Amino acid sequence: MLDQLEQLPADPILGLSAACRADPNPDKVDLTVGIYMDEQGVCPVFEAIRQAQQALVAEEVSKAYMPPEGDEAFNRGMQRLVLGDDSPALADGRVSSVQTPGGCGALRIGAEIIHAATPGARVWISDPTWPIHIPLVGSVGLQFETYRYYDSAGHSVDFDGMVEDLKAAAAGDVVLLHGCCHNPCGADLAPGQWDVIAEMAERQGFTPFIDIAYQGLGDGLDQDAAGLRLMVERLPEVIVAASCSKNMGLYRERTGAAIFVCRDRRNASALTSHALTAARRLYSMPPAHGALLAGRVLAQDALRERWQAELLAMCRRINELRAQLRRQLEATTGGDFGFIDREKGMFSFLGLSPVQARRLREEHSVYMLDSSRINVAGVNAANIDYLARAVAAVF
Ligand SMILES: Cc1ncc(COP(=O)(O)O)c(C=O)c1O
């Protein structure tokens, strides 16, 4: 039976990263995978997480299963982190949330809930979007529609195109939005644009499903959630998939939350029962370690302050790298790279063709996706000159 299965192609991003690791060129630059890297090219453990971990290891007395909904301190902390401390929806008790294995788990639980409510519902995704949205949400049996999002020529959000396309989103449809730091393009909606989409959702009756995997890495924790909070303020129902992979560095601990803002308290309780049923079908209980760490960091003042300071330093470094990269690329190529400075988070398209991206790889050992999406955090003082000269060589 098993011998009927043929080899599948490798994941394109992981494949490129592996090719970079195998490249003997000492000047090689890896801008492929979406993990934060510091000046030394290391994906660091947050000091606040390290301290929480030491305390947890010293105090932990059991490895019994977590409750199916996950750690209470984590769930409470995540709801407030994402929705805001004084969210009226929280005060009204109309928020349901469960701890999930990463943001991916939250996206999948969200998709399961959508399917339970409206089998075969249409989900509108941005063009482009994070490619993993398709299998994560699509394998549940939902249908996809795309809306225009990024204007490659203008290096900005094609807001007119987005609005035009979303005019066809109807009641019962879901619109998947990136809460901040859009992956792959880095171009986010401006506050007034969030307003327009909220108004359309109100009028047309579609439900926003907001994927927020980079809160704190764009402009700051509250600023990055402003669009999402505006949606929650104005609409009766919003679905959120949140991740602690990037903003707490908990990638391998698989720590995330599926948050459902519901019409009322009774509906929130029903939602929890459906989310737990979906989780039971998929993985039963969520993993413990990451959520216990994140729960401590969110609940304990000293750890939280430390974490926020570390996260702010990361955010500032990314924004400084964006400004530097823009300057260096403009100096070496003579082109306009102002968009890099305007975009947010870890990703931007450099605006190169697949042929140029391949030449960068083959001739200069500079690795980025064929779409020219780069992980800005892979740039550092040691490689920025080389990178800018390599780009100029293929420009
Ligand atoms: C847009 C987006 N959403 C969700 C995730 C999920 O991350 P994780 O499952 O590692 O928490 C990622 C990770 O790269 C992402 O880029």
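Q: Before the ligand site, which residues count as nonpolar, charged or polar here?
A: Ala, Val, Leu, Ile, Met, Phe, Trp, Tyr, Cys and Pro count as nonpolar, Asp, Glu, Lys and Arg as charged, and the others, Gly among them, as polar.

Q: What kind of model is this, and how are residues numbered?
A: It is a predicted model, in which local features need pLDDT of at least 70 and side-chain atom pairs pLDDT 80 or more, while totals for chains, interfaces and linings use all residues. Numbering starts from 1 along each chain as its sequence is written.

Q: How does the shell around the ligand divide by class?
A: The shell holds four nonpolar, seven polar and one charged residues. Among its members are W130, N183, D211 and Y251 (C-beta atom, placed from the backbone, within 6 Å of the ligand).

Q: Which element gives the largest share of that shell?
A: Helix 5, residues 102-117, supplies three residues. Helices are DSSP runs of H or I with at least four residues, strands are E runs of at least two, and both are numbered from the N terminus.

Q: Changing topic, which domains are assigned?
A: Domain 1 covers 9-44 + 317-394 and domain 2 covers 65-299, with bounds from an automatic or database domain assignment.

Q: How many residues are in contact between them?
A: 17 residues of domain 1 are in contact with 18 residues of domain 2, contact meaning C-beta atoms, placed from the backbone, within 7 Å. Strand 11 (residues 347-349) provides the largest share of the domain 1 side, three residues. That side divides into nine nonpolar, five polar and three charged residues.

Definitions and conventions
Contact = placed C-beta atoms within 7 Å.
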